[in-house]
Structure formats: structure tokens, C-alpha cells
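User: I am new to reading protein structures. Can you take me through one, feature by feature?

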Amino acid sequence: MLHVKLMKPFYTKKEGHLVKFVFAYQYFSIMKDDELFHFIPVEGKEIIVNLNTFQVENLSEVFVFQKGNRFIRLPLYQLLLVSDIHKHLQAIVQEERDELIEVNEQTRKEATDAIYFLEQENYSRLIDEALSTGNRAMFDELLIQQRELQQLHGGL
């Protein structure tokens, strides 16, 4: 059994629901029979994970590890079978997923604030229109609706 000693992507690239983890020298190493082998990017150098299914998409990618003049060549599917790489990969994917959720929450808040701002601007415009036409009933109704909106949005 191989054990992953270090697995840190050199960089990460998101493309829709796929995330690519690209590895470089000194960012990925494995232990085999108490010997440390370092990843070298001579063939495959990335792992592509589908964030919806958490499945590795490029199982045929070949990773090469080196110690001195000895090399280990492993297709990704085999590396997943004979090592504990899935534990390390799971932790990296979870970090990416948490970051994505955080970004989505920030985007949702910004959208809510923008909608609230536009609603307030619209009420102000309609109130100005009611004042300029002398429509007291419309003015009173718009003020009530505007206050309700402000209360719903936290009293701003």
C-alpha cells in the first residue's frame, strides 16, 4: 500500500462544476516501503473532480513519482486503488466546496442589498410623483409600503 505524504495543489482552476487540481514538483509525494517518492510532472499533472458528484473525471491520467533514478508510474485510477489519496483529495475538495458556498452566500447578500436599494429608489420616485400630482391617497399608501419594506429589511 502506498501512503500519500504530501498532497497540495500548485494551483486550482474551476470550470463550471469541474475543479482542476494542478500539481507541481515538491507539492505531491508518496511513501512506498518507507521510501519517499516525489511527484514529477512528466506525464499527468492534474486531477479533475466533478463537484456535483465528487467523482474523479480523468482516471486515465498517469502520475510519475521519482526517487533518485527509480520511477513509479501510476494511472490515477490505480493510485486511487492502492493508496490513501482519496482522504487527501476529499479534504482538498471540501475546502473548495466550502469556499464556493461562502462566495454564493456573499453574492446572495449583495443581490438582496441591490434589490432593496432599487426598491427604495422606486418608492422615492413614486412618492415624488404622488406629491407633484397632488395625489394624497397614493402618497399615504406608498409611505406605508415603504416603511413595511424598511422593517422587513431590518429597519434601515
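**Reading the chain**

Analyst: Start with the order of elements. Along the sequence, the protein chain runs β-β-β-β-β-β-β-β-β-α-α-α. Helices (H or I, at least four residues) and strands (E, at least two) are DSSP runs, numbered from the N terminus. This is a predicted model: local features need pLDDT of at least 70, side-chain atom pairs count only at pLDDT 80 or more, and totals for chains, interfaces and linings use all residues. Residues are numbered from 1 along each chain as its sequence is written, and side-chain values use heavy atoms, with hydrogens and water left out.

User: How many helices and strands does the protein chain have?

Analyst: The protein chain has three helices and nine strands.

User: How do I judge the overall shape?

Analyst: Use the radius of gyration, taken over C-alpha atoms, and set it against the globule rule, which is 2.2 Å times the number of residues to the power 0.38. Here the radius of gyration is 28 Å, while the rule gives 15 Å for 156 residues. The value is well over the rule, so the protein chain is more spread out than a compact globule. Along the principal axes, the C-alpha atoms fill a box of roughly 90 × 25 × 25 Å.

User: What share of the residues of the protein chain counts as buried?

Analyst: First the cut-offs. Buried means under 20% relative accessible area, exposed means over 50%, and partly exposed is in between (1.4 Å probe, protein chains only). Of the 156 residues, 31% count as buried.

User: What surface does the protein chain expose?

Analyst: Areas come from the Shrake-Rupley method with a 1.4 Å probe; for residues, only the protein chains shown count as cover. The protein chain exposes about 10,300 Å². Carbon and sulfur atoms supply 52% of that area.

User: Show me a buried residue. Where is Val-19 found?

Analyst: Val-19 is in strand E3 (residues 18-22). Val-19 has a relative accessible area of 0%, so it is buried. Now look at its contacts, where contact means heavy atoms within 4.5 Å. Leaving aside neighbours within four places in sequence, Val-19 is in contact with Thr-12, Lys-13, Lys-14, Ile-47, Ile-48, Val-49, Leu-51 and Glu-96. Take Val-49: it is 30 residues from Val-19 in sequence, but their C-alpha atoms are 5.4 Å apart in space.

User: Can a loop residue be read in the same way? Is Ser-83 buried or exposed?

Analyst: Ser-83 lies in the loop between helix H1 (76-82) and H2. Its relative accessible area is 2%, so Ser-83 is buried. Not counting residues up to four places away in sequence, Ser-83 touches Met-1, Leu-2 and Val-4. The C-alpha atoms of Ser-83 and Lys-32 are separated by 9.6 Å, and these residues are 51 apart along the chain.

User: How do I read charged pairs?

Analyst: Side chains of opposite charge can pair when their charged atoms come close. A salt bridge is a side-chain nitrogen of Lys or Arg within 4 Å of a carboxyl oxygen of Asp or Glu. A search of the whole structure finds eight salt bridges.

User: Which residues does Glu-15 link up with in a network of salt bridges?

Analyst: The network links Lys-13, Glu-15 and Lys-20. Between Glu-15 and Lys-13, the closest N and O atoms are 3.4 Å apart. Between Lys-20 and Glu-15, that distance is 3.7 Å. Now add accessibility. Glu-15 is partly exposed at 35%, and Lys-13 is partly exposed at 42%. Lys-20 is buried, at 19%.

User: What about a pair within a helix?

Analyst: Take Arg-125 and Glu-129. Both lie in helix H2 (residues 85-133), four residues apart, about one turn of the helix. Their side chains meet in a salt bridge at 3.8 Å, N to O. Arg-125 is partly exposed at 47%, and so is Glu-129 at 37%.

User: Last one: how do I read phi?

Analyst: Look at the sign. Most residues other than glycine have a negative phi. Asp-33 has a positive phi of about 50°, although it is not a glycine. Asp-34 has a positive phi too, of about 60°, and is not a glycine either.

User: Where does Asp-33 lie?

Analyst: Asp-33 lies in the loop between strand E4 (28-32) and strand E5 (35-40). Asp-34 lies in the loop between E4 and E5 as well. Asp-33 is exposed at 63% relative accessibility, and Asp-34 is exposed at 76%.
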